[in-house]
Amino acid sequence: MLDNTYANVKTMPALALRGLVCFPGVMLHFDVGRKKSIKALNAAMESGQRIFLVAQKNVYDEEPGGEEIYDIGCVARICQILRLSDNSVKVLVEGLYRASTVELEDNGSFLTARIKKCEIPLVKNRKVYLETLARKIRNEFEHYASKGIKLAPDIASTVASNDDVGFLADFISFNIPVPVDDKQFVLEQLNPVTRAKVALELLGKEAQIIDIDRKIGERVKTQIDDNQREYYLREQIKAINFELYGDTAEDEFEEYAAKIDKLAAPDYVKEKLNAELQKLQKMPHGSHEGTVVRGYLDTCLALPWGVYTENKLSINRSESILNKDFYGLSKVKERIIEQLSVYMLNPDIKGQIICLVGPPGVGKTSIAKSIAQCMGRNYARISLGGIHDEAEIRGHRKTYIGAMPGKIINAIKDAKSSNPLILLDEIDKLASDYKGDPAAALLEVLDKEQNHTFVDHFIDMPFDLSRVVFITTANNASTIPAPLLDRMELIELTSYTREEKFHIAKNHLVKKEVKNHGLCGRTLKIEDDAIYSLIDFYTREAGVRKLERTIGALCRKAAKLIASGEQKSVRISAKTVTEMLGKQKFKPEEILEKDEVGIINGLAWTSVGGELMQMEVSVMEGTGKIELTGSLGDVMKESAKAAVSYVRANADKYFINPDFYKNRDIHIHATENAVPKDGPSAGVTMVTALVSALTGIPVRRDVAMTGEVTIRGRVLAIGGLKEKTMAAYRAGVKKVFIPKANEADLAELDKTVTANIEFVTAENVETVVLGALAFPPESKAEFIPVPEYNKEAATISQ
């Protein structure tokens with residue numbers, strides 16, 4: 001049936017076959033729907049009814065080109081064309097010979113191919129080998145057909161009556177349901193013997209597939225029978241449960257199954273929950289194990305799997321919320337707005353964990369709630385103070401009696417979303433004992449590389465925490481474990497200044513307490529001087545909690561007067577405060593009435609704000625002893641020794657007897673002896689007080705100072721400048737000496753403070769000494785005390 005009259009290279013219309021391979025000597029019919037393919041058929045009918053049929057590699061490709069079509073195809077003769085509609089025809093072709101593509105072109109209407117007929121190599125095998133190979137193919141085909149495959153009668157007869165191994169390979173490969181790429185591989189084998197061996201492999205593989213398919217079918221049938229049996233038994237159990245407990249048990253199982261099916265959780269979660277439900281169905285009603293499983297299912301189903309709240313961030317709205325809720329804290333609010341801006345531009349950002357550090361009562365928890373409101377996220381709070389059991393974070397194994405999930409999973413459940421804002425309150429107060437270290441358990445929770453697969457011991461399945469916004473609070477960052485601190489970004493909230501407390505009380509606390517006590521603006525008026533009196537004389541704290549309670553006490557007094565009918569309205573002034581609350585609890589900080597020798601105003605930072613701390617130095621006859629009193633800490637004692645060393649080294653500069661340390665005792669005392677004190681910032685204060693005491697020159701009463709001093713007189717930076725300068729302002733100080741290194745911190749000070757206090761920066765303690773001592777009018781600008789004024793001091797030093 002082969003046509004040997006063709007030239008070596010020919011050009012003819014080409015048609016790309018989808019899911020089909022045409023073989024020489026085989027009749028093939030197929031439907032044609034693509035316009036280019038129909039035009040190619042029409043062109044072939046007009047030019048000898050010859051067409052080049054070649055398979056395309058991707059059946060979904062509507063416009064296959066050169067790279068998407070195999071190189072070897074089959075030249076066929078068009079036997080019949082039946083038009084089904086305007087856009088579809090049915091064609092019958094007969095394969096003639098193999099051909100390879102020399103060039104494939106698209107002329108715009110259809111594909112044309114320049115092809116070359118494939119030369120079939122001469123078979124050199126002995127005739128008996130070919131007969132044996134043909135018999136092997138026929139036997140394998142009969143084995144394949146015996147598997148119950150439905151084949152047309154003419155196929156089996158054609159195979160049985162033909163001895164050509166090449167034709168048998170083509171004919172069998174065409175008629176068995178093997179993949180297109182396998183058929184194409186057979187077509188590309190030009191050697192008939194090789195082609196026959198490939199066909200044998202395909203027949204063997206198809207026979208194995210049929211056997212496996214039959215086994216699977218039998219197994220499925222058996223499984224269906226088992227399912228029918230299980231269904232029958234379940235119906236019986238349902239009837240028994242109905243008689244024993246009514247229909248509640250079965251309703252419960254169906255309800256659990258429906259909830260699991262609706263759960264927007266990963267497949268492994270549903271599989272585990274369904275497995276637990278199957279266990280529950282097999283357990284006796286009311287058993288202890290059943291109660292454990294019910295608790296587990298209820299907890300897992302209550303979790304917000306796949307539930308996320310949409311970010312509703314607006315920077316202008318966030319600024320408005322923060323300014324409304326908080327007075328001052330400009331640096332803190334600016335940092336929060338920056339972070340919210342990042343979340344607005346990249347909602348999927350992970351690992352941004354903020355730690356708000358500050359003294360009690362400054363609004364750390366309230367800030368976290370306001371951030372949740374700004375972001376439009378659900379809010380949950382976890383108190384970590386005193387937690388010492390790792391299971392509090394990671395949960396207990398559900399097999400234990402009274403087991404429950406940890407605080408993290410409980411917070412997620414309470415927040416009802418998988419991306420809430422969770423506040424980890426008082427993270428610096430975590431403890432540890434033999435039950436484990438909860439801080440170590442929090443490492444996974446706060447690590448962006450790990451928390452997407454956080455496993456609670458009770459749930460025992462990974463839960464994604466990567467979209468949760470964690471905010472932590474602490475009073476002291478130094479007590480937070482280093483690995484935890486490394487995962488967080490600190491934002492410090494300093495204590496409120498006097499002016500900030502006043503505005504917070506006036507704009508927030510007074511209104512809140514007046515409303516809580518059933519009063520209003522017409523029945524109770526608290527004047528500004530009354531609020532200042534509460535701040536100065538009845539509270540001493542970093543935050544405003546005690547101030548709020550004190551305002552509440554005033555409101556209760558006023559409510560009593562109004563409720564008893566004694567007064568219709570109450571107006572509270574500073575004088576009224578003393579009458580209502582009794583004597584003042586704290587004395588005001590005031591500077592001395594006159595300049596004194598050896599007494600100087602130092603500045604100290606405490607957890608409740610800044611304080612004016614007076615330092616006194618007294619010089620006496622003795623043997624060179626140095627006495628330090630006033631509950632001084634180790635660092636402060638070392639600062640005193642450094643100050644004495646500096647004065648000794650520079651005694652000549654200050655006209656001090658260089659041997660004063662041999663025949664004079666020095667007593668350095670910090671006032672308020674009951675209050676422990678420590679830190680290096682009193683160094684310049686001690687140096688100035690020592691020089692004053694040893695020279696007899698008084699210190700100006702309206703100056704204060706702070707700064708660490710070295711034995712060479714250098715003044716180093718200190719902390720807490722904002723609180724210290726506010727204390728100086730309250731006490732009436734007019735000039736404050738600060739380290740040169742703290743000059744940049746002046747921009748953060750309260751405007752009221754900078755308007756009323758002159759700040760002098762110093763790199764060397766000599767600048768502080770010259771500016772703080774009250775020299776006689778006739779002395780020079782440099783340190784040269786006049787003999788008449790320094791006579792007594794000189795006598796003491798000799």
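Let's start inside one helix of this predicted model: in helix 19, the buried residues are L547, E548, T550, I551, G552, A553, L554, C555, A558 and L561. Helix 19 covers residues 545-563, which makes 19 residues. From its first C-alpha to its last it reaches 26 Å, close to the 27 Å expected at 1.5 Å a residue. An α-helix has 3.6 residues a turn, so residues three or four places apart point the same way. With that in mind, you may like to follow L547, I551, L554, A558 and L561, which are among the buried residues of helix 19.

What do the buried residues of helix 19 pack against? Their partners are three helices and two strands: helix 17 (498-516), helix 18 (528-538) and helix 20 (574-581), together with strand 14 (524-526) and strand 15 (570-572). Just after helix 19 comes G565, with a positive phi of about 85 degrees.

Two further helices are worth a visit. Helix 23, residues 683-695, has 13 residues that should span 18 Å at 1.5 Å a residue, and its end C-alpha atoms are indeed 18 Å apart. Is helix 23 largely enclosed or open? With 13 of its 13 residues buried, helix 23 is largely enclosed by the rest of the structure. M686 sits in this helix, and its relative accessibility of 0% means that it counts as buried. Leaving aside residues up to four places away in sequence, M686 touches M615, M636, S639, A640 and A643. For a sense of distance, look from M686 to D181: they are 505 residues apart along the chain, and 94 Å separates their C-alpha atoms. After helix 23 comes G696, whose phi is positive, near 80 degrees.

Helix 24, residues 721-731, has 8 of its 11 residues buried, so it too is largely enclosed by the rest of the structure. The buried set consists of L721, E723, K724, T725, M726, A727, A728 and A731, so defined by a relative accessible area under 20%. You will notice charged residue types here, since E723 and K724 are both on the buried list. The residue following helix 24 is G732, with a positive phi near 95 degrees.

Now for some loops. Most residues other than glycine have a negative phi, and most peptide bonds are trans. Against that background, Q49 has a positive phi of about 60 degrees although it is not a glycine. Q49 is found in the loop between helix 1 (35-46) and strand 3 (50-55), and at 29% relative accessibility it counts as partly exposed. K416 also has a positive phi, near 60 degrees, and is a residue other than glycine. Its place is the loop between helix 14 (407-415) and strand 9 (421-425). Is K416 buried or exposed? At 60% relative accessibility, K416 counts as exposed.

G306 lies in the loop between helix 9 (288-302) and helix 10 (315-325), where its 44% relative accessibility makes it partly exposed. Apart from residues up to four places away in sequence, G306 touches A264 and S418. Its C-alpha atom is 79 Å from that of F655, a residue 349 positions away along the chain. A747, in the loop between strand 23 (735-739) and helix 25 (751-756), counts as exposed at 73% relative accessibility. A747 and K722 are 25 residues apart in sequence, with 9.9 Å between their C-alpha atoms.

Finally, let's step back to the whole protein. It has 27 helices and 24 strands. Its radius of gyration is 47 Å, well over the 28 Å that the globule rule gives for 798 residues, so the protein is more spread out than a compact globule. Along the principal axes, the C-alpha atoms fill a box of roughly 140 × 80 × 55 Å. Buried residues make up 46% of the 798 residues. Among contacts with a separation of 6 or more, 73% join residues 24 or more positions apart. The protein exposes about 40,600 Å², and carbon and sulfur atoms supply 50% of that area. As for charge, there are 106 positive and 112 negative side chains, and the centres of the two sets lie 2 Å apart.

Key. Residues numbered from 1 in each chain as written. Predicted model: local features only at pLDDT ≥ 70, side-chain atom pairs only at ≥ 80, totals over all residues. Heavy atoms only, no water. Helix = DSSP H or I, 4+ residues; strand = E, 2+ residues; numbered from the N terminus. Rg over C-alpha atoms; globule rule 2.2 N^0.38 Å. Buried < 20%, exposed > 50% of the residue type's maximum accessible area, 1.4 Å probe, protein only. Contact = heavy atoms within 4.5 Å. Areas by Shrake-Rupley, 256 points an atom, 1.4 Å probe, with all protein chains shown as cover. Lys, Arg positive; Asp, Glu negative; His and termini not counted. Charge placed at Lys NZ, Arg CZ, Asp CG, Glu CD. Expected span 1.5 Å × (residues − 1).
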